[in-house]
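Q: Please take a close look at a single part of this model. A connected account, with the cut-offs stated, would be appreciated.

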Amino acid sequence: MQNDHDHGVTDVLLAEPRGFCAGVDRAIEIVERALKKFGAPIYVRHEIVHNTYVVNDLKAKGAIFIEELADVPPGATLVFSAHGVSRAVRDEAAARGFSVFDATCPLVTKVHVEVAKLAREGFEFVMIGHKGHPEVEGTMGQLSEGIYLVEDVADVARVQVTRPERLAVVTQTTLSVDDAAEILAAVKRRFPLVREPKQQDICYATQNRQDAVKLMAPGVDVMVVVGSPTSSNSNRLRELAERLGTPAYMVDSADDLQPAWFDGHGRVGLTAGASAPELLVQQVIERLRALGAVSVRTMAGVQETVHFPLPKGLKPVLDAP
Ligand code: SF4
């Protein structure tokens, strides 16, 4: 019988910070509290956060995930996912009379508010983001016109705007920091008068997790990112490590780990996207120990203290016996 230890994991270095951000924490808590307060089922528009484990866990507790509001029965309680929704979805939910709890991350809402405000001042927008991602649909859907998506530098050369002198730029919160900077530079070259957000839209969690991978990747032989395939920020972490020359793999759970990845690659860097629970990270560590890891250390890193309050009606006092 082959011994797992032959595969040669020696050390595990844990990224800091990694895993849940404040927006994900809040979104999951909103669904859990709604389930406790109102009972199952609670309807959730789109995956509350892009993580298979989280979604299955909430399904087991009585959440029903839908994409179309037509699939929600009258009078139901509905939660909007952390990614945010367009005005059309918000209006439709109101028209159908659902009781709505909004789990949109406050940092996404901040972008929505900025878009609405500048639009009233006559601005058009270039949005840097990934086509089809629900956050991009939600942000672009704050306006019925005058917001144009660019996914890369080539798109910047092609985009047609009608008011280049009154143009602002917004970005998806979970982009590659480096790619976004490159695309933004191209936008500024083509539209020198473009207005940038005061503070970048890429969120603190995305920035911090990418910074940690930048520090860690050159010192390990292989990187493992815990995250689901649909998770934008997790994908960016894997890509970033590869760009730095470190082979990198994304796993939805410990079962996805393949011993062959560690042949001759004993030093493993481990991180997790903003939607991936720490429980999954711990299971991956156990598996890496079974594959030979003798040392598991956490790198020094930024300590995050961001916390977002729950919506009215779901405050912690509800838990009182
Ligand atoms: Fe909010 Fe950033 Fe987390 Fe998205 S990744 S939920 S924008 S904190």
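Which exposed residues does the face of helix 4 turned away from its buried side carry?

A: The exposed residues on that face of helix 4 are Val113 and Arg120; exposed means over 50% relative accessible area, buried under 20%, and partly exposed in between (1.4 Å probe, protein chains only). The model is predicted, so local features need pLDDT of at least 70 and side-chain atom pairs count only at pLDDT 80 or more, while totals for chains, interfaces and linings use all residues. Residues are numbered from 1 along each chain as its sequence is written, and side-chain values use heavy atoms, with hydrogens and water left out.

Helix 4 comprises residues 106-120, 15 in number, and reaches 21 Å from its first C-alpha to its last, close to the 21 Å expected at 1.5 Å a residue. Helices are DSSP runs (H or I, at least four residues), numbered from the N terminus, and the expected span is 1.5 Å times one less than the number of residues. The buried residues of helix 4 are Val108, Val111, His112, Glu114, Val115 and Leu118. They lie on the same side of helix 4 because they cover an arc of only 160 degrees around the axis, the arc being that of the directions from the helix axis to the C-beta atoms.

Leu107, a residue of helix 4 by its range, is also among the residues surrounding the ligand, as is Cys105; a residue is near a molecule if one of its heavy atoms lies within 4 Å of it.

How values were computed: Helices (H or I, at least four residues) and strands (E, at least two) are DSSP runs, numbered from the N terminus.
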